[in-house]
Amino acid sequence: MNLLRKLTTPILLQGNKTTAYRDPTAIYYQGTLYLYFTMVKTEPDGKVYLYTAVSKSRNLRSFTEPVILTQRDQSLNFSSPGNIIRHDNQWIMCLQTYPRQNGEKYGNNGARLWTMSSFDLDHWSEPELLRVKGSQTPDNKMGRMIDPYLIEDNNEPGKYWCFYKQNGVSMSYSYDLKNWHYSGSSNAGENVCVIKEGKRYLMFHSPHNGIGILESTDLVHWSDTGKLITLGQNSWPWAQGRITAGFVLNCRNVPDIGKYLMFLHGTGPENEEVIFDTHACIGIAWSDNLFDWEYPE
């Protein structure tokens, strides 16, 4: 909690006219916060590339220079890291491709889900396609899908669920992270994050603006809590266009934090000065109960 009191701004990574920071996820390990995100770079010729990148901090105030983890390729644009889990003595990160090789503003129908693995959270394997529609479904029949999130079933250890944006939020499950079985969909926004809280699960998701919360007892059937989190958006010029992509990390047992942390990104109004690929910032908030959130004034 002492670290949070020392924060003087909710902005952790500040975008500008050539760089945007979006879609954060994080893990706290051995005294270091590893913050992963989509890094959007506009080159001098106007071409835009998306990368998955990482920046680290030990105090939540100063972050290392971002390190790009994925290749430079507009037909792939690896981005939107969903979360990181521990499996078979490795770290597993899920992420997406967001192809925009034809100048599209949004990822085209080639967008798919992937995983990368690591032994140290710094060096990552080449991405591997996540076949969430089953191994029998050809790549070109999987449909556009983005924003994956992985979670182990609390009622059935060894069973993993993948949530992703397709027809609302779609759900698939696997016992080895390789062979997947599709299990339907539910009504939700994008960038979902699922937290186990007591006997229920809470799903944080992004509708048109703000961060909503759904709840479930079985990871399959979801209902809306009616909560919409917008934090200090009304007084944050950097986020008055949209607050979105909330990722929640349980740091209640971390010394000098002792809270749930939420990482999110904000964009200003969409006009000729602030557009989709520039100026987006990653911000932070914290909570004791997952419904009421605080942030630096």
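Asp122 and Lys56 form a salt bridge in this predicted model. Their closest N and O atoms are 3.1 Å apart. Asp122 sits in the loop between β8 (113-118) and β9 (128-129), while Lys56 belongs to strand β4 (residues 48-57), so the pair ties together parts that are 66 residues apart in sequence. The structure holds nine salt bridges. The points below cover some of them, then the sheets, strand β8, the nonpolar cores and Ser216.

**Salt bridges**

- Asp122 counts as partly exposed, because its relative accessibility is 29%.
- Its partner Lys56 is also in the partly exposed class, at 26% relative accessibility.
- Glu156 forms a salt bridge with Lys159, and here the closest N and O atoms are 3.8 Å apart.
- Glu156 and Lys159 fall into two classes of accessibility. Glu156 is partly exposed at 31% relative accessibility, whereas Lys159 is buried at 11%.
- The side chains of Arg200 and Glu215 meet in a salt bridge as well, with 2.5 Å from N to O.
- This pair links distant parts of the chain, 15 residues apart: Arg200 is in strand β15 (residues 200-206) and Glu215 is in strand β16 (residues 211-216).
- Arg200 is partly exposed, with a relative accessible area of 29%. Glu215 is partly exposed too, with 24%.

**The sheet that holds β15 and β16**

- Strands β14, β15, β16 and β17 form an open sheet, in the order β14-β15-β16-β17.
- The pairing in this sheet is antiparallel.
- The edges are β14 (190-197) and β17 (223-229). Each has a single partner strand, so one side of each is left without a neighbour in the sheet.
- Neighbouring strands in this sheet are turned by 25° against each other on average, direction ignored.
- Six bridges join β14 and β15 in the antiparallel sense.
- Arg200 appears here again: in β15, this residue stands opposite Glu197.

**The sheet from β2 to β5**

- Another open sheet has four strands in the order β2-β3-β4-β5, with antiparallel pairing.
- Its edge strands are β2 (19-29) and β5 (67-68). Each of these has a single partner strand, so one side of each lacks a neighbour in the sheet.
- β2 and strand β3 (residues 32-42) run antiparallel and are joined by nine bridges.
- Across this pairing, Ala26 stands opposite Leu35 in β3.
- Lys56, from the salt bridge with Asp122, lies in β4 of this sheet.

**Strand β8 and its partners**

- Six of the six residues of β8 are buried, so this strand is largely enclosed by the rest of the structure.
- In a regular strand, side chains alternate between the two faces of the sheet.
- β8 shows two sets of side chains. Leu113, Thr115 and Ser117 point one way, and Trp114, Met116 and Ser118 point the other way. All of them are buried.
- Strand β7 (residues 90-96) runs antiparallel to β8, and six bridges join the two.
- Leu113 in β8 is the bridge partner of Gln96.
- β8 also pairs with β9 in the antiparallel sense, over two bridges.
- In that pairing, Thr115 stands opposite Glu128 in β9.

**Nonpolar cores**

- The largest nonpolar core has 60 residues.
- Phe163, Phe204, Phe263 and Trp293 have the most contacts inside this core.
- Phe263 touches residues including Leu12, Pro24, Ala26, Leu33, Leu35, Phe247 and Ile284, not counting residues up to four places away in sequence.
- Two of these, Ala26 and Leu35, are the residues that stand opposite each other in the pairing of β2 with β3.
- Apart from the largest core lies another, of 28 residues. Among its members are Val54, Phe78, Ile84 and Trp114.
- Trp114 is also one of the buried residues of β8.

**Ser216**

- Ser216 lies in strand β16.
- Ser216 is buried, because its relative accessible area is 3%, and buried means under 20%.
- A polar atom of the Ser216 side chain lies 2.9 Å from the backbone nitrogen of Leu219.
- Leaving aside neighbours within four places in sequence, Ser216 is in contact with Arg200, Tyr201, His221 and Trp222.
- Arg200 thus has two roles in this briefing: a contact of Ser216 and the salt-bridge partner of Glu215.

Conventions: Residues are numbered from 1 along each chain as its sequence is written. This is a predicted model: local features need pLDDT of at least 70, side-chain atom pairs count only at pLDDT 80 or more; totals for chains, interfaces and linings use all residues. Side-chain values use heavy atoms; hydrogens and water are left out. A salt bridge is a side-chain nitrogen of Lys or Arg within 4 Å of a carboxyl oxygen of Asp or Glu. Buried means under 20% relative accessible area, exposed over 50%, partly exposed in between (1.4 Å probe, protein chains only). Two strands pair if DSSP finds at least two bridges between them. Axes are lines fitted to C-alpha atoms, for helices over the stretch in contact, and angles run from 0 to 180 degrees between N-to-C directions. A nonpolar core is a set of buried Ala, Val, Leu, Ile, Met, Phe, Trp, Tyr and Cys residues joined through side-chain atoms within 4.5 Å. Contact means heavy atoms within 4.5 Å. A polar contact is a pair of N or O atoms within 3.5 Å; within protein, one must be able to donate a hydrogen and the other to accept it, and residues adjacent in sequence count only if both atoms are side-chain atoms.
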